[in-house]
Amino acid sequence: MKDRRHILIAASIVAALTFLTYLPSLSNGFVNWDDPGYVYKNPNIRILDLKWAFTAVVVGNWHPATLLSLALDHAIWGLNPLGFHLTNSIIHSLNAFLVALLGWTLYPCKDRDRIGAVITGLIAGTLFGIHPAHVESVAWVSERKDVLSAFFFMLSALFYIRYARGK
């Protein structure tokens with residue numbers, strides 16, 4: 001039980017560090033690449049319409065989870081870019097948290113060397129969270145699809161490992 005508490009604390013630190021790293025992105029506005037089609041010129045995100053979200057092809061792509069999350073953001077924030085960027089930062093911070101848990105879960109030790117497992121999770125989550133490859137995904141509203149995809153992938157991996165280990 002101590003082991004879990006330590007990794008949850010470490011993963012929370014990773015998430016907080018990741019969020020702080022991307023704090024400057026909260027002052028960003030929308031960009032003129034995909035943001036008009038997905039957000040500020042898209043009349044469909046002004047309503048939470050499940051049928052539209054699951055059948056629409058926007059900017060040549062079909063991803064209902066992204067459209068639903070953008071519509072939810074619009075319902076909360078209107079067209080204030082701060083809210084959209086905040087959601088991306090929160091989701092990415094949760095991803096870093098999940099990567100830390102994944103690092104801890106995959107640590108190769110039968111009796112769970114607590115310090116090694118926690119440090120592995122801490123390093124993996126931090127590297128994932130602050131790596132420059134994720135800047136575009138976090139700082140660009142229309143890249144919500146990437147942070148959502150990573151979120152569901154990490155959850156799937158953790159649940160699969162739990163299932164495979166028979167718990």
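# Packing and salt bridges in a predicted helical model

Isoleucine 91 is a residue of helix H5. The model described here is predicted. With a relative accessibility of 11%, isoleucine 91 falls under the 20% limit and therefore counts as buried. Setting aside residues up to four places away in sequence, its contacts are Arg144, Val147, Leu148 and Phe151. Isoleucine 91 and arginine 144 are 53 residues apart along the chain, yet their C-alpha atoms are separated by 8.8 Å.

## The nonpolar cores

The largest nonpolar core holds 21 residues, and the members that touch the most others are Ile7, Phe97, Leu98, Leu101, Leu102, Phe128 and Met154. Two or more residues come from each of helix H1 (2–21), helix H5 (81–106), helix H6 (114–130) and helix H8 (144–164). The greatest contribution is that of H5, with 8 residues. Leucine 102 illustrates this packing through its contacts with Met154, Ala157, Leu158 and Ile161, when residues up to four places away in sequence are not counted. A second core, separate from the one above, has 12 residues, including Val39, Ile45, Ala56 and Val141.

Leucine 70, in helix H4, touches three of these named residues of the second core, as its contacts beyond four places in sequence are Tyr38, Val39, Ile45, Phe84, Val141 and Arg144. Leucine 70 has a relative accessibility of 0% and so counts as buried. Between the C-alpha atoms of leucine 70 and isoleucine 161 the distance is 31 Å, and the two residues are 91 places apart in sequence.

## Helices H6 and H8

H6 has 17 residues, which at 1.5 Å a residue should span 24 Å; its end C-alpha atoms are 24 Å apart, in agreement with that expectation. The buried residues of H6 include four glycines, Gly116, Gly121, Gly125 and Gly129, together with Ala117, Val118, Thr126 and Phe128.

H8 contains 21 residues and extends 30 Å from first to last C-alpha, close to the expected 30 Å. In an α-helix there are 3.6 residues a turn, so residues three or four places apart point the same way. In H8 the buried positions are Arg144, Val147, Leu148, Ala150, Met154, Ala157, Leu158 and Ile161. The cover over these buried residues includes H4, H5, H6 and helix H7 (135–139). Just after H8, glycine 166 adopts a positive phi of about 80°.

## Salt bridges

Side chains of opposite charge can pair when their charged atoms come close. In this model the count of salt bridges is 2, as tabulated below.

| Basic residue | Acidic residue | N to O distance |
|---|---|---|
| Arginine 144 | Aspartate 73 | 2.6 Å |
| Lysine 145 | Glutamate 143 | 3.6 Å |

The pair of arginine 144 and aspartate 73 links distant parts of the chain: arginine 144 belongs to helix H8 and aspartate 73 to helix H4, with their positions 71 residues apart in sequence. Both arginine 144 and aspartate 73 are buried. Arginine 144 is also a contact of isoleucine 91 and of leucine 70. In the other pair, glutamate 143 has 14% relative accessibility and for this reason counts as buried.

## Helix H4 and the surface

Histidine 74 is a further residue of helix H4, and its relative accessible area of 14% makes it buried. Apart from neighbours within four places in sequence, histidine 74 is in contact with Ile45, Arg46, Leu79 and Phe84.

Tryptophan 77, also located in H4, is partly exposed because its relative accessible area is 32%, between the limits of 20% and 50%. Tryptophan 77 belongs to a nonpolar surface patch with Leu48, Leu72, Ile76 and Leu82, and the accessible area of these residues together is about 460 Å². Helix H4 (residues 64–77) supplies the largest share of the patch, 3 residues.

## Backbone geometry at valine 59

Most residues other than glycine have a negative phi. Valine 59, although not a glycine, has a positive phi of about 50°. This valine 59 lies in the loop between helix H3 (50–55) and H4. With a relative accessible area of 40%, valine 59 is partly exposed.

Note on methods. Residues numbered from 1 in each chain as written. Predicted model: local features only at pLDDT ≥ 70, side-chain atom pairs only at ≥ 80, totals over all residues. Heavy atoms only, no water. Core = buried A, V, L, I, M, F, W, Y, C linked by side-chain atoms within 4.5 Å. Buried < 20%, exposed > 50% of the residue type's maximum accessible area, 1.4 Å probe, protein only. Contact = heavy atoms within 4.5 Å. Expected span 1.5 Å × (residues − 1). Patch = residues over 30% accessible without salt bridge, like charges linked within 9 Å, V, L, I, M, F, W, Y side chains within 5 Å. Areas by Shrake-Rupley, 256 points an atom, 1.4 Å probe, with all protein chains shown as cover. Salt bridge = Lys/Arg side-chain N within 4 Å of Asp/Glu carboxyl O.
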